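Me: I'm a first-year student and I'd like to zoom in on one part of this structure. Could you walk me through it slowly?

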Amino acid sequence: MILFIRLLIAHLLADFLLQPGSWVKDKNEHGIKSLKLFLHVLVVTAVSVVFTLDYFSWQIPVFIFLFHYLIDLAKIYFMPPKINQLVWFLTDQFFHILAIGAIIAIVGGYSVQWWATCASLVSTPEFLVVLLAYLFIIWPSMIIVNLATKRWQIQIKQHVEPGLQNAGKWIGILERVLVLTFVLTAQFQAIGFLIAAKSILRISVKSEDSARLISEYVLIGTFISFTLAILTGLLANSVF
């Protein structure tokens, strides 16, 4: 675990702090021919070696170099033209972190044990219940909230200009994830801060036209969303 944290720190330093924007641009433009790509991977490897505190082992630097180089190349050549940049960035970082875990498992010689441990963890009733709870409040709950407020959506569209695309959907997902997390960790007081944040939104539109209509619509959606997340969290806690 300590080695994983050390390599993760090295990755964050080398992949962000020690990688100039000009290097990123050069990598994207020249791909496999980019000298900056090679230099970047060398920096990642060197920083990783420094943080491992093991300067006589050859496996870690070799695997770090190969995995990081291949992942960066894949990011350059296989990125779909219309994909969300945030999604692609998170996918890229996920594979880098996964590669670090794989390297530790390979070098440590306990890859079979590591997979067995992971399999046992994701097979526990607690993990499955929590996973089910999050899946429910992200997607099915979104549909429930949308259907429950559909009658008022028509009224709202007649009084306000269209806002940011899908902003309301993502706000709802994030607030339900936060509320569920607070319930599962018994941090009920934190839910009050979220409600306070929504009340600030209501105050901020008081002087605008149709402010009451907008405020009531936001509060209705918020309370439906909060109720679903709280009940889901309480139900999940009761299973443990």
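To get my bearings, how many helices and strands does the secondary structure of the chain come to? After that, please take a close look at helix α4 (residues 59-77) and tell me which residues elsewhere in the chain it meets.

Reply: Happy to! Before we start, this is a predicted model, so local features need pLDDT of at least 70, side-chain atom pairs count only at pLDDT 80 or more, and totals for chains, interfaces and linings use all residues. Residues are numbered from 1 along each chain as its sequence is written, and side-chain values use heavy atoms, leaving out hydrogens and water.

The chain comes to 12 helices and 0 strands (helices are DSSP runs of H or I with at least four residues, strands are E runs of at least two, numbered from the N terminus). Read from the N terminus on, the elements go α-α-α-α-α-α-α-α-α-α-α-α. Of the 240 residues in the chain, 30% are buried (under 20% relative accessible area with a 1.4 Å probe, protein chains only; exposed is over 50%, and partly exposed is in between). Look at the contacts too (heavy atoms within 4.5 Å): among those with a separation of 6 or more, 73% join residues 24 or more positions apart.

Now for your helix, beginning with the nonpolar side. The largest nonpolar core (buried Ala, Val, Leu, Ile, Met, Phe, Trp, Tyr and Cys joined through side-chain atoms within 4.5 Å) has 10 residues: L7, A10, A14, V44, V47, I60, I64, I100, I103 and I104. Helix α4 is one of the elements giving two or more residues to this core, together with α1 (2-17), α3 and α5. Apart from this core there is another one, of 7 residues, including V129, I137, L180 and A236.

Stay with I64 for a moment. Leaving out residues up to four places away in sequence, I64 touches V44, T45, S48 and I103. Follow T45 back the other way, with that rule about sequence neighbours still on, and you find T45 touching P61, I64 and F65. T45 itself belongs to helix α3 (residues 35-52). With a relative accessibility of 10%, T45 counts as buried.

Next, the charged side chains. There are 2 salt bridges (a side-chain nitrogen of Lys or Arg within 4 Å of a carboxyl oxygen of Asp or Glu). One joins D72 to K27, with 3.4 Å between the closest N and O atoms. This pair links distant parts of the chain, since D72 is in your helix α4 while K27 is in helix α2 (residues 21-30), 45 residues apart. Are these two buried or exposed? D72 and K27 are both buried.

Another salt bridge pairs K75 with D92, and here the closest N and O atoms are 3.8 Å apart. K75 sits in helix α4 and D92 in helix α5 (residues 85-108), so the pair ties together parts 17 residues apart in sequence. K75 is partly exposed because its relative accessible area is 30%. D92, on the other hand, has a relative accessible area of 6%, so D92 counts as buried.

Put it together, and you can trace helix α4 through its partners: I64 touches V44, T45, S48 and I103, D72 pairs with K27, and K75 pairs with D92.
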